[in-house]
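User: I have just opened this structure and would like someone to walk me through it. Could we go step by step?

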Amino acid sequence: MSWLGLAVVVLAQLPADGAAQLQKVDRMMPALRRMATDPEVVAAVRAQNARRVPLATIQEQDAAWQATPQLTAFKQQVLGSACSRVLNRHRARLGIAVAEAFAMDDQGALVGATRRTSDFWQGDEAKFQVPYARGETLREKPFFDESSQAYVIQLSLPVRDGDRTIGALTIGLSLLDL
């Protein structure tokens, strides 16, 4: 199937009433906020921040992550982390509407994820920068996400330790499964 054919198939599957889908997203926000404030997620982000990994090392890990499509030992370590297990519990509770979720430290490096992401370092992306630097929730425009293989809307929330923002959490919601 050509890219054009795939695009037509994907677009044909989009919900006709986008406003209704966004209302469903709004109704999910309390549960998504609970994910961002889960004490185990906060503890995992805090612990990774305490390691003070140099940004150059994170960027090297990111380059290796992107260069290898296989499930490497490093990817397995991230996907098997305590933070990943907590995010997967939330995902299971919320159902198939959650295409993916991943937590980031204070530099944008992954702390945990429910599935393999396309890159390890998110620090150069708005999904990290807006919730971390501004402490605001970012709602991106819907798009087809290659890593989750779903038409999603991503929401990124700050992860806070008390009043201090220490990281970010991104949740991709499958618009076809809301």
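User: To start with one residue, is aspartate 161 buried or partly exposed?

Analyst: Aspartate 161 counts as partly exposed, at 25% relative accessibility; buried means under 20% relative accessible area, exposed over 50%, and partly exposed in between, with a 1.4 Å probe and protein chains only. Please keep in mind that this is a predicted model, in which local features need pLDDT of at least 70 and side-chain atom pairs count only at pLDDT 80 or more, while totals for chains, interfaces and linings use all residues. Residues are numbered from 1 along each chain as its sequence is written, and side-chain values use heavy atoms, with hydrogens and water left out.

User: Which residue does aspartate 161 form a salt bridge with?

Analyst: Its partner is arginine 46, and the closest N and O atoms of the two are 2.8 Å apart; a salt bridge here is a side-chain nitrogen of Lys or Arg within 4 Å of a carboxyl oxygen of Asp or Glu. Aspartate 161 lies in strand β5 and arginine 46 in helix α3, so the salt bridge ties together parts that are 115 residues apart in sequence. Helices (H or I, at least four residues) and strands (E, at least two) are DSSP runs, numbered from the N terminus. Arginine 46 is partly exposed, with a relative accessible area of 38%.

User: How many salt bridges turn up in the whole structure?

Analyst: The search finds five, including one between arginine 139 and aspartate 26, whose closest N and O atoms are 2.4 Å apart. That pair links strand β3 (residues 138-139) to helix α2, with the two positions 113 residues apart in sequence.

User: OK, how confident is the prediction, and what is the average pLDDT?

Analyst: pLDDT, the predictor's confidence in each residue from 0 to 100, averages 89 over the chain, and 89% of the residues score at least 70. Over residues 1-12, however, the pLDDT is below 50, and this stretch has four contacts in the model beyond near neighbours in sequence, a contact meaning heavy atoms within 4.5 Å. Where pLDDT is low, the predicted coordinates should not be read in detail.

User: How many helices and strands does the chain have?

Analyst: There are seven helices and six strands, and along the sequence they follow the pattern α-α-α-α-α-α-β-β-α-β-β-β-β.

User: And the inside: which residues touch the most other members of the largest nonpolar core?

Analyst: Those are Leu32, Ala103, Leu169, Ile171 and Leu173, in a core of 28 residues; a nonpolar core is a set of buried Ala, Val, Leu, Ile, Met, Phe, Trp, Tyr and Cys residues joined through side-chain atoms within 4.5 Å. The largest share of this core, six residues, comes from α2. Leucine 32 touches several residues, among them Leu94, Leu155 and Ile171, not counting residues up to four places away in sequence. A second, separate core of twelve residues includes Trp65, Phe102, Ala113 and Phe120.

User: Trp65 is an aromatic residue, so how many aromatic pairs are there?

Analyst: Four are found in the whole structure; rings of Phe, Tyr and Trp (its six-membered ring) pair if their centres lie within 6.5 Å, and planes under 30 degrees apart count as stacked, over 60 as edge-to-face and the rest as tilted. Tryptophan 65 and phenylalanine 74 form an edge-to-face pair, 5.9 Å centre to centre with 85° between the planes. Tryptophan 65 is buried at 3% relative accessibility, whereas phenylalanine 74 is partly exposed at 24%.
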